[in-house]
Amino acid sequence: MGQTRGGQGPAPRPGGCGASGRWCALILLAVGMLPLPLGQGARADEPAVAGAARPTLSSEQVRGPRDPAPRVEALNERIHGLEGKLLESAAARKAADQARMEAERRLAEAVQESDLLREAKTALETRLKDAEEQLAGAEEQIRRLGAETAAQAQRGAALEGQLEELKGDRQRLEEGYQGRLHEAELSQADLSAELAASKTAREALADQLKALGALVPAPAGGALTLEAAQAQSAAAAAALREALARVEAGGTSQAREALREAEQRLHRNQFAAAQMADARGLYQVRPADTLVLIARHFYGDGSRWRAIREANRDVLADANRLIPGLTLVIP
């Protein structure tokens, strides 16, 4: 007692009972130190009210008042001690509530990030579907052009059969036919190029979708497994330790930015692992934290620190030395 996680608790106020004399009087009456004045309670000559106990006077009170200063001073000290403990308890409860609210906020941010990933996946699937529809349309158009080309070929054969009869129109008909055939060939070449581009775009979208699926946990529809998430968390924790070492060695602003990015990357990986392991939640280590303190905070029992160590074996290089910024899975 006397110190909370947020800092030093307030000390008891010196002096007497403070500004309220009634408070001291009520406490003294509660512990039986002062007699109830006749003017404020039932009068001596009034009968007792049914169901209510009349105050009785001790032998010392009958004999007359004694010097209450030592006992009053002792009671004052006891009151001050109780006030200090109440203030310390309130401060500790406030710090715990703030920590819980912070954890809930971070969990909400992580859930929001998972929702964004799912939305991105849905958008990519929609684009892939649109590309497939465009590809089907292009193939249908190519088939129509093929049929038109065959019709044009038949018409050309018919015109060749009438060549002797239509010598005067031969040059004109040939030029028109060749021009339309050339346009059809150019159109077919353009559609072939568009089809190739659509196939390339489809393959790129499929690769993007596969890459995003590798980042989404399997329960959320992705392909990320618990083992893969733990391996990614281990790599992120190693990167965090290296970034922290560079900052402690007097790193630049780039080193501090790299440290923040490493913390965020580890937090994302640990969040995915916590989802697949159906864990209680996450906790980001602060200075002076230990596994015993964290277990006492979440379970009310510091001896359960081994469960936290087992759940985070991949990211803990030394269970006796927790680095600030390290995100732990709370099973």
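In the predicted model, helices α5 and α6 are roughly antiparallel to each other, because the angle of about 160° between them lies over the 145 degrees required for that description. Helix α5 comprises residues 226-248 and helix α6 residues 253-276, and the axes of the two helices are 8 Å apart where they pack. The crossing of α5 past α6 is left-handed. Nonpolar residues account for 17 members of this contact, accompanied by four polar and four charged residues. The angle between the axes and the distance between them together serve to describe a pair of packed helices.

Beyond this helix pair, A288 was examined in the loop that links β3 (281-284) to α7 (291-299). A288 has a relative accessibility of 71% and therefore counts as exposed, the cut-off for this class being over 50%. The C-alpha atom of A288 is separated by 8.4 Å from that of P324, a residue 36 positions away along the chain.

Confidence was assessed for the protein chain, for which pLDDT averages 78, with 74% of the residues scoring at least 70. Two segments were considered separately. Over residues 1-19, pLDDT stays under 50, and the model contains 27 contacts beyond four places in sequence for this segment. Over residues 33-53, pLDDT likewise stays under 50, and 18 contacts beyond four places in sequence are present in the model. Where pLDDT is low, predicted coordinates should not be read in detail.

Methods. Residues are numbered from 1 along each chain as its sequence is written. This is a predicted model: local features need pLDDT of at least 70, side-chain atom pairs count only at pLDDT 80 or more; totals for chains, interfaces and linings use all residues. Side-chain values use heavy atoms; hydrogens and water are left out. pLDDT is the predictor's confidence in each residue, from 0 to 100. Contact means heavy atoms within 4.5 Å. Axes are lines fitted to C-alpha atoms, for helices over the stretch in contact, and angles run from 0 to 180 degrees between N-to-C directions. Helices (H or I, at least four residues) and strands (E, at least two) are DSSP runs, numbered from the N terminus. A crossing is left-handed if the near helix is turned anticlockwise from the far one by less than a right angle, and right-handed if clockwise. Ala, Val, Leu, Ile, Met, Phe, Trp, Tyr, Cys and Pro count as nonpolar, Asp, Glu, Lys and Arg as charged, and the others, Gly among them, as polar. Buried means under 20% relative accessible area, exposed over 50%, partly exposed in between (1.4 Å probe, protein chains only).
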